[in-house]
Amino acid sequence: MSAHEAPVPDPPDKQEQLDPVRDHAEGTHLTTNTGTRIDDTDNSLRAGERGPTLMEDFHFREKITHFDHERIPERVVHARGAGAYGHFRPYASLAEFTKADFLQDPERSTPVFVRFSTVAGSRGSADTVRDVRGFATKFYTREGNYDLVGNNFPVFFVQDAIKFPDFVHAVKPEPPNEIPQAQSAHDTFWDFVSLQPESLHTVMWLMSDRALPRSYRMMQGFGVHTFRLVNEHGQGTFVKFHWKPLLGTHSLVWDECQKVAGRDPDYNRRDLWDAIDQGDFPEYELGVQLVPQEDEFRFDFDLLDATKIIPEEIVPVRPVGRMVLDRNPDNYFAETEQVAFHTAHVVPGIDFTNDPLLQGRNFSYLDTQLIRLGGPNFQQLPVNRPVAETRNNQRDGYGQHRIHPGQSSYAPNSLGGGCPMLADPDAGAYVHHQERVDGARIRRRSDSFADHYGQATLFWNSMSGWEREHIVAAYRFELGKVVDRTVRRRTVEQLGHIDIGLAAAVAEGIGVPAPEGPPAENHGRRSAALSLANRATNRADSAATRRVAVLAADGVSGGHVTALRRALAEAGAIVEVLGPHDGELGTADGGRLGVDRAMNTMTSVLYDAVCVPGGAASVAALAGDGLARHYVAEAFKHGKCVAALDDGADLLRRVGLPGVRLAGPGDEVVHDRGVVTGAGTAVAAGDFVTPLIEAIAAHRHFDRDADQIAA
Ligand code: HDD
């Protein structure tokens with residue numbers, strides 16, 4: 001065997017690799033950065049008790065200098081994020097399509113680090129803003145790191161990377177006053193997109209509930225671009241990557257988002273952290289849409305156009321593996337902040353296409369890491385370090401952590417024995433997919449990128465009734481914040497190219513005329529997979545990890561609470577008893593019940609469902625408490641499951657849930673559009689629990705008459 005063909009040794013596991021750099025403080029003493037022990041870190045060294053500080057206080061100077069340099073530039077986009085480690089494992093070998101090592105063996109898992117993010121806001125902004133979410137995965141494969149740097153939308157706002165700075169400048173806070181933070185609801189964003197029809201399709205996604213994920217654990221991910229898989233024969237296949245959360249894809253509603261942004265700005269970050277901490281590990285299925293090379297021109301759009309999807313009905317998504325996130329980082333800065341993704345971090349078997357957005361990204365990510373992470377050695381940071389061996393002749397630079405012995409740092413060399421040697425293409429070297437490229441040097445987009453309305457219309461046509469209502473409401477909200485009337489009008493005219501009904505509904509809300517002239521023809525095509533209401537593709541009927549608030553006061557039925565707690569816990573839900581105060585409550589049968597949280601410290605928007613157990617005194621106290629009534633009204637308004645046992649339903653009656661049938665005398669259990677009421681005996685018999693869990697698992701019930709509810 002020649003040295004070129006030497007087998008690649010199995011790398012260490014990523015966590016094993018990180019262990020030596022985890023710097024635990026237990027049992028240690030405070031020292032300077034050079035190891036000198038320190039006996040006082042509270043008083044600077046002074047000339048006399050009331051005298052000036054001395055220059056020779058090296059501990060003071062080192063401590064302050066380090067502090068002064070603690071911050072690094074935040075990411076220009078995707079500044080706010082949350083990360084987690086995990087593992088990916090393919091279901092079966094994908095050797096037919098790709099030689100990528102991590103997609104070959106269902107017995108072998110590959111460590112990953114995932115960073116989820118919002119895009120527009122600064123590091124300290126709220127999680128539940130209307131925005132695209134980043135979904136970036138670093139696979140630490142045996143052949144090097146592979147980064148799949150995707151979003152939770154399958155399309156992007158611009159077709160060519162050269163437009164990215166314009167788009168980002170438009171959506172970011174406006175230059176004169178840096179207002180508004182983390183919002184697209186302002187003039188410059190709508191000015192730009194109304195002049196830029198290629199953005200329309202992605203803006204439709206942004207106005208939909210897709211932009212308001214309930215959780216990073218309940219959010220799809222997409223590689224967006226068409227990439228290329230390459231097998232060991234050098235044969236290429238076009239591919240679109242999809243992540244599907246096993247908990248289903250679920251969203252919040254806009255009113256809820258705005259309230260959560262104040263009540264818990266860390267809502268999505270906390271949710272991810274808590275779930276992993278409690279052992280509810282988020283899982284996602286990796287899917288691929290595969291298109292043979294010879295089918296490149298089979299579609300009525302260009303595969304290289306990142307503003308287009310391949311509808312799943314035309315090319316189905318084939319599930320190929322599963323990712324589990326099972327470990328929180330130890331240190332936010334060291335890991336989640338310093339992780340450096342780059343679309344050009346690829347491994348053999350995964351290649352690019354000529355998508356002009358992707359080509360530009362391949363330049364941008366390396367460039368940004370150089371300044372953000374202080375130089376060319378950012379790959380040596382623990383979170384970025386591949387588990388595969390790295391060897392080359394790149395040397396020195398800021399933050400060099402490796403010592404390279406030896407005389408030669410160039411190739412070819414004889415003094416270093418020719419090392420590091422070039423790898424054989426047949427022994428794991430990356431070989432770029434060969435493709436003939438010729439053409440005139442030109443700044444022009446292909447005509448095949450010209451249709452900007454077809455898929456925006458496809459998206460609109462595919463929405464259910466309530467999704468359309470939410471989209472119209474979102475446009476009305478956003479454009480209602482736009483001061484310039486011309487921008488409002490221009491946007492409505494653009495919408496007229498998608499659907500005249502949509503344009504008219506938005507126009508009415510923002511006080512501008514509906515577009516004139518003959519309405520654009522709607523092609524009538526739909527893609528059922530796009531709707532969040534579609535059970536088959538986007539839902540998971542599970543109440544697991546859903547948060548349920550049980551409202552109680554003194555005199556509550558302890559039996560109801562115990563039965564609810566047991567049944568919901570069995571379904572994997574998280575139950576919290578909320579009382580008028582913290583501590584304990586007395587139950588109807590003379591027992592004591594611990595309160596998990598005082599009602600005033602929480603709010604219905606932090607729960608997926610609200611339950612009211614029986615107990616005359618408890619229900620009377622809650623009915624007289626505006627805060628308790630607000631929990632019920634608000635949960636109902638946001639389409640959530642609301643449930644009550646026995647006289648607990650009196651609280652629902654007091655609130656007044658329009659048109660909803662509640663259990664009365666003689667009714668065992670009544671389930672009406674997510675409102676579940678019934679007799680206490682039914683909870684004991686388990687009959688109440690099945691509809692309750694169904695109602696929670698269904699996530700939201702928008703077929704209610706909730707507009708008249710004040711909450
Ligand atoms: Fe980007 C970060 C996703 C277009 C330039 N991008 C960034 C992150 C994600 C994406 C998830 C955060 C990674 C992390 O968590 O650290 N970006 C996308 C997607 C795009 C896209 C799915 C379109 C399909 N991006 C895009 C373009 C450019 C950039 C066209 C520039 C030409 N993106 C960047 C960047 C960032 C970044 C400036 C900021 C911080 C970073 O890279 O590390 O280089």
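Visitor: Before we start, what does contact mean here?
Guide: Contact means heavy atoms within 4.5 Å. Also, keep in mind that this is a predicted model.

Visitor: Okay, so what is Met 219 in contact with, leaving aside its neighbours within four places in sequence?
Guide: Quite a list: Phe 116, Arg 133, Gly 134, Phe 135, Asn 152, Pro 213, Pro 245, Gly 248, Thr 249 and Tyr 284.

Visitor: And where does Met 219 lie?
Guide: Met 219 is in the loop between α5 (200-207) and β5 (221-222).

Visitor: Buried or exposed?
Guide: Met 219 is buried, because its relative accessible area is 2% and buried means under 20%.

Visitor: You listed Asn 152. How far apart are Met 219 and Asn 152?
Guide: Along the sequence, 67 residues separate them, while in space their C-alpha atoms are 6.6 Å apart.

Visitor: Switching to the ligand. Which residue is the protein donor of its iron atom?
Guide: That's Tyr 365, through its OH, at 1.9 Å, and it is the only protein donor. Tyr 365 sits in helix α9, residues 356-372.

Visitor: What else does Tyr 365 do around the ligand?
Guide: An N or O atom in the Tyr 365 side chain is also 2.7 Å from a nitrogen atom of the ligand.

Visitor: Which other side chains have polar atoms by the ligand?
Guide: Among them is Arg 361, with a polar side-chain atom 3.2 Å from a ligand nitrogen. Another is Gln 369, where a side-chain N or O atom is 2.8 Å from a ligand oxygen.

Visitor: Which elements give two or more residues to the shell around the ligand?
Guide: Those are β3 (133-141), β4 (144-151) and α9. Helix α9 gives the most, with 6 residues.

Visitor: How many residues surround the ligand, and which are the closest?
Guide: There are 22, and the closest are Arg 75, Arg 115, Arg 361, Tyr 365 and Gln 369.

Visitor: How do they divide into nonpolar, polar and charged?
Guide: The shell has 11 nonpolar, 8 polar and 3 charged residues.

Visitor: New topic: strand β1. How many of its residues are buried?
Guide: β1 covers residues 81-90, and 8 of its 10 residues are buried, so the strand is mostly covered.

Visitor: Which strands does β1 pair with?
Guide: One is β2 (residues 110-118), running antiparallel to β1 and joined to it by 8 bridges. Another is β9 (residues 318-327), also antiparallel, over 6 bridges.

Visitor: Which residues stand opposite each other there?
Guide: Examples include His 87, opposite Pro 111 in β2, and Pro 90, opposite Gly 321 in β9.

Notes
Residues numbered from 1 in each chain as written. Predicted model: local features only at pLDDT ≥ 70, side-chain atom pairs only at ≥ 80, totals over all residues. Heavy atoms only, no water. Buried < 20%, exposed > 50% of the residue type's maximum accessible area, 1.4 Å probe, protein only. Helix = DSSP H or I, 4+ residues; strand = E, 2+ residues; numbered from the N terminus. Pairing = 2+ DSSP bridges. Donors = N, O, S within 2.8 Å, 3.2 Å for Na, K, Ca; no water. Near = heavy atom within 4 Å. Polar contact = N/O pair within 3.5 Å; in protein donor to acceptor, adjacent residues only side chain to side chain. Nonpolar A, V, L, I, M, F, W, Y, C, P; charged D, E, K, R; others polar.
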